[in-house]
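Here are some notes to read alongside the model, written for someone meeting it for the first time. Take the points in order, with the viewer open.

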Amino acid sequence: EYININRNNVGLFGSLNNGTLKNIRLENVNVNGGSFVGGLVGTVSNGVIENSYVSGLIHSENSYVGGIAGLLVGNIKDSYANVDVGGNVDYAGGLVGNAFNSLIENSHTNGVITGRNDNTGGLVGYAAKSKIRGSYSDAVVNGNHENTGGLIGFATLGANIVRSYSTGRVTGDNNNTGGLVGFATADSVIDMSYSDSIVEGKDNT
């Protein structure tokens, strides 16, 4: 799969609305787009992705980039990404760039995740009103700005992280760098989760 389009909602599927994708395997992809860029789907709206896998390179020129989906409003279960994710972006994640009101369960990532702006995570860059369960990241995470985490860059609005962990090296060049989560607001819940990551950062590490 090779896609190079300077527009929004870029992936094998540009968007998924009220649908389900199952048992999809994409290897050695090369995807480059504007905002909302994913190896499988650019934007998921009330959709479900199950038992799917992506490997390769995913690049965004703007915001919201992930190994499987750039923006998720829905569910991802039993899925895996082994990817190099990056670009001139904020909201960069190994699986999902931005998860809103979503469930990510029994899923994991590997590879290298690089964000040049805010909110970079090994699994998810930004998680709001979302549940992360039984998931992990082995990805190396490099954040050039604020909120860099081995699993989640920024967790907020009641984000719930349970039985999840990170092991990849985490490097942050600005505020809020963490082995598991870069920054979590007080309404977030983290339970039975941990990090074995080596962390290097500046302020609030």
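1. A tyrosine to start with. Please keep in mind throughout that this is a predicted model. Tyr53 has a relative accessibility of 15%, under the 20% limit, so Tyr53 counts as buried. Tyr80 comes out at 21%, so Tyr80 falls in the partly exposed class.

2. How these two rings meet. Across the whole structure, a search turns up eight aromatic pairs. Tyr53 and Tyr80 make a stacked pair, because their ring centres are 5.1 Å apart and the planes meet at 25°. Tyr53 belongs to strand 7 and Tyr80 to strand 10, so this contact links distant parts of the chain, 27 residues apart.

3. Another stacked pair. The rings of Tyr64 and Tyr91 have centres 4.6 Å apart and planes at 15°, which means that this pair is stacked too. Tyr64 sits in strand 8 (residues 63-66) and Tyr91 in strand 11 (residues 90-93), so parts of the chain 27 residues apart in sequence are tied together. Tyr91 is buried, at 18% relative accessible area.

4. The company Tyr64 keeps. Which residues share an aromatic cluster with Tyr64? The cluster is made up of Phe36, Tyr64, Tyr91, Tyr126, Phe154 and Phe183. Leaving out residues up to four places away in sequence, Tyr64 touches Ser35, Phe36, Val37, Gly70, Asp90, Tyr91 and Asn98. For a sense of spacing, the C-alpha atoms of Tyr64 and Ala99 are 9.8 Å apart, with their positions 35 residues apart along the chain.

5. The nonpolar interior. As background, nonpolar side chains in soluble globular proteins tend to be buried together. In this model the largest nonpolar core has 42 residues, and those with the most contacts inside it are Leu40, Ile49, Ile58, Ile68, Ile104, Val124 and Ile152. Several strands each supply at least two residues of this core, among them strand 4 (25-33), strand 6 (41-50), strand 9 (69-77) and strand 21 (152-156). A second, separate core has five residues, including Tyr64, Tyr91, Tyr126 and Ala128.

6. A closer look at Ile104. Setting aside neighbours within four places in sequence, Ile104 has contacts that include Leu72, Ile76, Leu95, Val96, Ala99, Leu123 and Val124. The list also takes in Lys131, Ile132, Arg133 and Ser135.

7. Strand 9 and its partners. Strand 9 runs parallel to strand 6, and eight bridges join the two. Val44 has Leu72 of strand 9 as its bridge partner. Strand 9 also pairs in the parallel sense with strand 12, over three bridges, and here Ala69 is matched with Val96. With strand 13 (residues 103-105), strand 9 shares three bridges, again parallel; Asn75 stands opposite Leu103 there.

8. An open sheet. Which order do the six strands of the open sheet follow? They run 5-8-11-15-20-25, with parallel pairing. Strand 5 (37-38) and strand 25 (177-178) each have a single partner strand, so they stand at the edges and one side of each lacks a neighbour in the sheet. Strand 5 meets strand 8 over two bridges, and Val37 has Val65 as its bridge partner in strand 8.

9. Salt bridges. How many salt bridges does a search of the whole structure find? The search finds two. In one, the side chains of Arg25 and Glu27 meet at 2.8 Å, N to O; Arg25 is exposed at 58% relative accessible area, whereas Glu27 is partly exposed at 44%. In the other, the closest N and O atoms of Glu200 and Arg169 are 2.4 Å apart. This second pair links distant parts of the chain, with Glu200 in strand 29 and Arg169 in the loop between strand 23 (165-166) and strand 24 (170-172), 31 residues apart. Glu200 is partly exposed at 39%, and Arg169 is partly exposed at 36%.

10. A serine in a loop. Is Ser197 buried or exposed? With a relative accessible area of 14%, Ser197 is buried, although its place is in the loop between strand 28 (194-195) and strand 29 (199-200). Its side chain makes a polar contact with the side chain of Ser166 at 3.3 Å, and a polar atom of the Ser197 side chain lies 2.7 Å from the backbone oxygen of Gly168. Beyond residues up to four places away in sequence, Ser197 touches Ser166, Thr167, Gly168, Val170 and Gly179.

How values were computed:
Residues numbered from 1 in each chain as written. Predicted model: local features only at pLDDT ≥ 70, side-chain atom pairs only at ≥ 80, totals over all residues. Heavy atoms only, no water. Core = buried A, V, L, I, M, F, W, Y, C linked by side-chain atoms within 4.5 Å. Buried < 20%, exposed > 50% of the residue type's maximum accessible area, 1.4 Å probe, protein only. Helix = DSSP H or I, 4+ residues; strand = E, 2+ residues; numbered from the N terminus. Contact = heavy atoms within 4.5 Å. Phe/Tyr/Trp six-rings, centres within 6.5 Å; stacked < 30°, edge-to-face > 60°. Polar contact = N/O pair within 3.5 Å; in protein donor to acceptor, adjacent residues only side chain to side chain. Pairing = 2+ DSSP bridges. Salt bridge = Lys/Arg side-chain N within 4 Å of Asp/Glu carboxyl O.
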